[in-house]
Amino acid sequence: MHRLFQFRKLGWALLLSLFLSVLCFSLFIGSPAKAQKTLIIATEPAFPPFEFQGSNGELVGFDIDLLKEIGKAAGFQVQFQSMQFDGIIPALQAKTVDAAVSGITITAERQQAVDFSRPYFKAGLAIAVKSDNQDITSLESLQNKRVAVQIGTTGALEAKKILGAKIRTFDNAPLSLQELLNGNVDAVINDAPVTLYAIKENNLKGLKITSQLLTEEYYGIPTAKGSPNLDDINRGLTVILNNGTYEQIYRKWFNAQPPQLPESTSIDKSTNSVNAITIILSAIPTLLKGVLVTLYLTILCGILGMIAGSLIGIARLSPATPLRWATIAYIDFLRGTPLLVQILMIYFGIPALLQGFGIQFSLSPFVAAVMALSLNSAAYIAEIVRGGIQSIEKGQTEAAQSLGLGAVETMRYVIFPQALRRMLPPLANEFITLLKDTSLASVIGYQELLQEGRLIIANNYRSFEIFATVAVIYLALTLLSARAFGFLETWMNPVNKSLKRG
């Protein structure tokens, strides 16, 4: 028995020793000295061939390969985070990402907001036009023309210099090229390599770029001001430029010999500090123009949505089965799909579909925004109307019929006026929602309040001050709308009217 006890003690000692050995070995292997840091890299994956989604959903492109090799050379890992282009520099300023790569041109304005690596790509702007267009060959020939650009890019800055140009601003390059294909603009100003790749790989028949490059630019990798990661990125970039890795990546994506790149750019980095109050005051006139556009769009779509929604809501209660099922399908589709998708489908999808059948058709951003917002609002208002009508007691209908009123007269003079008072609170909510949903029209270049704010940020990179001002303006508009509907609800209350008569 004593020997058995000693044997068990020896066995437990051996197991404990083995466990401690494995633990020490794992700690040694995974020690902090051997761990690599990970940099979060912001990118906009709609800029082929620099960054885009591959067939399996993974990010691919020249910039993606470049950053991975820079990370290997400098001893850090990369994790890519997708975001819109005009949000990249604000994200760097807020330090929510460590660096960015998205074909970002080194400019004096951007150098005031972020720090750039040494140049890694030589590019230039080009004008894309329809293949049969022989008139547009330079910036001067774009005077008084319709031009599409991507927000926050150097192409957008160049377009602003053109006299009389009507500029349409979009979130990414593919949308601006689609605008040209649909015939809504005369030209697109964008980076030459990206436009050439899109025309070649995406089979954009009927488009070409002019032979003359507008500018000579250099792309850089931006980081937050004073970021310690910039030295690591520059070190890794220098290594792959010298050991031939950069040339391999360049040949893979462009099938050409890479040009010589300078170690730095001769751009003036002088800064002019402007306080927040000055930034806000200078932005107010432009934002107020956006307020007028937003209010006009909201009121117009609210009226159209109310008319269509009332008719659909009444039809929803029809005894005719085909009509009832048609309204149900309409309501379910419009409420079951995102409004943003509906706007894009109406503005880009329908013209592209009809042109595929040889029918020349296009919509202005205003018409497309009104159609999408009105149709979407009508679906929600239809359910509000249906609920309001069904909340009225059946005895009201029977009493009206006993007086000889027909179905239409009963609905017009008896049921609907009473239902309208009960529908006012949900209708107020729908109006406020519509007021805020107008901001989605910015995706098709319609310059309402939010789009005006984004255009300002694209120039001064003061995102907090501008977005805070936009938020306060929206808050003021919604509060005023709520008060207006509250007053209307009180005015229409029959109890209050009887008290005033008494």
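What is the accessible surface of the protein chain, and what share of that surface belongs to carbon and sulfur atoms? In this predicted model, the accessible surface comes to about 26,000 Å², and carbon and sulfur atoms hold 61% of that area.

## Overall composition

The protein chain has 502 residues, of which 46% count as buried. Its secondary structure comprises 18 helices and 15 strands.

Contacts in the protein chain with a separation of 6 or more were also classed by distance along the sequence. Within that set, residues 24 or more positions apart account for 73% of the contacts.

## Packing of helix H10

Helix H10 covers residues 276–316, and helix H17 covers residues 463–492. The axes of H10 and H17 come within 9 Å and cross at roughly 45 degrees. An angle of that value falls outside the parallel, antiparallel and perpendicular ranges, so H10 is oblique to H17. The crossing of the two is right-handed. On the H10 side, the contact is made by Ala276, Ile279, Ile280, Ala283, Ile284, Leu287, Val291 and Leu295. The H17 side contributes Glu465, Ile466, Thr469, Val470, Ile473 and Leu477.

H10 also packs with helix H13, which spans residues 365–390. Here the axes come within 6 Å, again with a crossing of roughly 45 degrees. H10 and H13 are therefore oblique to each other, and their crossing is right-handed.

## Thr298 within H10

Thr298 belongs to helix H10. Is this residue, Thr298, buried or exposed? Thr298 has a relative accessible area of 1% and is therefore buried, the cut-off for that class being under 20%. Setting aside neighbours within four places in sequence, Thr298 is in contact with Phe431, Leu434, Leu435 and Thr438.

## Packing of H16 against H17

Helix H16, formed by residues 449–460, packs with H17 at an angle of about 165 degrees. Their axes are 9 Å apart. Because angles over 145 degrees count as roughly antiparallel, H16 is roughly antiparallel to H17. The crossing of H16 and H17 is right-handed.

Which residues of H16 and H17 meet? From H16 the participants are Leu449, Leu450, Gly453, Arg454, Ile456, Ile457 and Asn460. They meet Ser463, Ile466, Phe467, Val470, Ile473 and Tyr474 in H17. Ile466, Val470 and Ile473 of H17 are listed in this contact, and these residues are also listed in the contact of H17 with H10.

## Asp63 and its surroundings

Asp63 is found in helix H2, which runs over residues 62–74. With a relative accessible area of 0%, Asp63 is buried. Apart from residues up to four places away in sequence, Asp63 touches Phe50, Glu51, Val101, Ser102, Gly103 and Tyr120.

How far does the backbone nitrogen of Gly103 lie from a polar atom of the side chain of Asp63? The separation is 3.2 Å. Pro48 lies 15 residues from Asp63 along the chain, and the C-alpha atoms of these two residues are separated by 9.6 Å.

## Tyr246 in helix H9

Tyr246 lies in helix H9, made up of residues 245–254. Its relative accessibility is 4%, so Tyr246 counts as buried. With neighbours within four places in sequence left aside, Tyr246 is in contact with Phe62, Leu66, Tyr120, Phe121, Ile240, Leu241, Pro258 and Leu261.

One of these partners is Phe62. Tyr246 and Phe62 are 184 residues apart along the chain, and their C-alpha atoms are separated by 9.8 Å. Tyr120 is another partner of Tyr246, and Tyr120 is also touched by Asp63.

## Thr327 and helix H7

Helix H11 (residues 321–336) contains Thr327. The relative accessible area of Thr327 is 7%, and the residue is therefore buried. Beyond residues up to four places away in sequence, Thr327 touches Ile312, Ala315 and Arg316. These partners fall within the residue range of H10, 276–316.

How many of the ten residues of helix H7 are buried? In H7, which spans residues 192–201, seven of the ten are buried, and the helix is mostly covered. The buried residues are Ala192, Pro193, Val194, Thr195, Tyr197, Ala198 and Ile199.

Technical notes
Residues numbered from 1 in each chain as written. Predicted model: local features only at pLDDT ≥ 70, side-chain atom pairs only at ≥ 80, totals over all residues. Heavy atoms only, no water. Helix = DSSP H or I, 4+ residues; strand = E, 2+ residues; numbered from the N terminus. Buried < 20%, exposed > 50% of the residue type's maximum accessible area, 1.4 Å probe, protein only. Contact = heavy atoms within 4.5 Å. Areas by Shrake-Rupley, 256 points an atom, 1.4 Å probe, with all protein chains shown as cover. Polar contact = N/O pair within 3.5 Å; in protein donor to acceptor, adjacent residues only side chain to side chain. Axes fitted to C-alpha atoms, helices over the stretch in contact; angles between N-to-C directions. Parallel < 35°, antiparallel > 145°, perpendicular 65-115°, else oblique. Left-handed = near helix turned anticlockwise from the far one by under 90°.
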